[in-house]
Amino acid sequence: MNTQEFIRQKKRHKKWVMVTAYDTPTAEILDAAGVDFVLVGDSVGMVVLGYPTTTGVTMDEMIHHAKAVRRGTRRAKLIGDLPLSGITKGAAHALESAQRFIEEARCDAVKLEWGRKTPEILRKLVRYKIPVMGHVGLTPQTVDPKSGFKVRGKSAESALTIFKQAHFFEKHGAFAVLLECIPGPLSRVITKTLKVPTIGIGAGRFCDGQVLVFHDLVGLFTRFKPLHVKRYAEGRLIFEKAVSRFSKEVKNGKFPDKRHSFQMDPKEFSRWERLL
Ligand code: KIV
């Protein structure tokens, strides 16, 4: 992943599109739809595995899903999201996890949320030539249950902290910075002052690109709907309807009909009856 190329594209006002995926068919859909980046997010914990938050996701689970996504991604760049469990022991641990994404799942880059150990981890990953996308603002891995999943950067002090974190990522070699749930005016200034592109989620329209979680975008995750999520389909309703039609047709004998059943040559059938 070439940082200079990302900077050139930003100057040409390219808008990047990123969507999450956790399996092969979804990756194929995203690739066919022309997204630029497919993110194997640790959101897999909440939207696929049924965990209450993202913090319980293991590195093995991430690799399992990333490999499946790799099988369906040909054109888009593939990004593996470093989960909390893959970085807790510090920089050497994070490097090992990042190398697993690159070597085992053939990801093109990793994403790293801002946290206490980010400076040492980022420096290490960049020294080992691992392309890193930074992540600031609302960072679910270090969310304090008391403050919850709320917008960050609303006070001047917190806006300054986020601004500095985004610039830290750029200064130390990240090729892009993801801005999650921060006010539009703040993301506008961050986007303007960074050379590398910003990808926003709940960060307004001034970012260089946008990301959504696939299950939010297509209406498959319905436990709650954050304000910034726009549903482009009501997937859950569509699938529920399909399954209940199947169920009804099985019960009333309409399925399987002749079109969905295999036939046998009547002569072979009577020969078989005689054999029997
Ligand atoms: O894990 C994830 O899907 C993410 C998105 C919210 C960008 O980090």
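Start by selecting S43 and the ligand: in this predicted model, an N or O atom in the S43 side chain sits 2.5 Å from a ligand oxygen atom. Keep the ligand on screen and add K111, where a side-chain N or O atom is 3.0 Å from an oxygen atom of the ligand. Then bring in D81, which places a polar side-chain atom 3.1 Å from a ligand oxygen. Switch on a surface here if you like: on its own the ligand would expose 260 Å², and the protein buries 94% of that.

Now widen the selection to everything around the ligand. You should pick up T20, L39, G41, D42, S43, D81, K111, H135, L178, E180, I201 and V213. Colour that shell by residue class and you get an even split, with four nonpolar, four polar and four charged residues. What kind of space does the ligand take? It is the largest pocket.

Zoom out next and colour the chain by domain. Residues 3-233 make up domain 1, and residues 238-275 make up domain 2. Drop a marker at the C-alpha centre of each domain, and the two markers will be 46 Å apart.

Two backbone details are left, so go back to sticks. For the first stop, select H13, in the loop that runs from α1 (3-11) to β1 (16-20). What is the phi of H13 close to? This residue is not a glycine, yet its phi is positive, near 60 degrees.

For the second stop, jump to F255 and P256 and look at the bond between them. Is that peptide bond cis or trans? F255 and P256 are joined by a cis peptide bond, with omega at about 0 degrees. To place it in the fold, show the neighbouring helices as well: P256 belongs to the loop between α10 (235-251) and α11 (266-275).

Why pause at these two stops? Most peptide bonds are trans, and most residues other than glycine have a negative phi.

Key
Residues are numbered from 1 along each chain as its sequence is written. This is a predicted model: local features need pLDDT of at least 70, side-chain atom pairs count only at pLDDT 80 or more; totals for chains, interfaces and linings use all residues. Side-chain values use heavy atoms; hydrogens and water are left out. A residue is near a molecule or strand if one of its heavy atoms lies within 4 Å of it. A polar contact is a pair of N or O atoms within 3.5 Å; within protein, one must be able to donate a hydrogen and the other to accept it, and residues adjacent in sequence count only if both atoms are side-chain atoms. Accessible areas come from the Shrake-Rupley method with a 1.4 Å probe; for residues, only the protein chains shown count as cover. On a 1 Å grid over the protein atoms alone, a cavity is a set of points where a 1.4 Å probe fits but cannot get out, and a pocket is an open set with protein on both sides within 12 Å along at least five of seven lines; lining residues have an atom within 4 Å of a point. A molecule sits in a cavity or pocket if more than half of its atoms lie within 2 Å of its grid points. Ala, Val, Leu, Ile, Met, Phe, Trp, Tyr, Cys and Pro count as nonpolar, Asp, Glu, Lys and Arg as charged, and the others, Gly among them, as polar. Domain bounds come from an automatic or database domain assignment. Helices (H or I, at least four residues) and strands (E, at least two) are DSSP runs, numbered from the N terminus.
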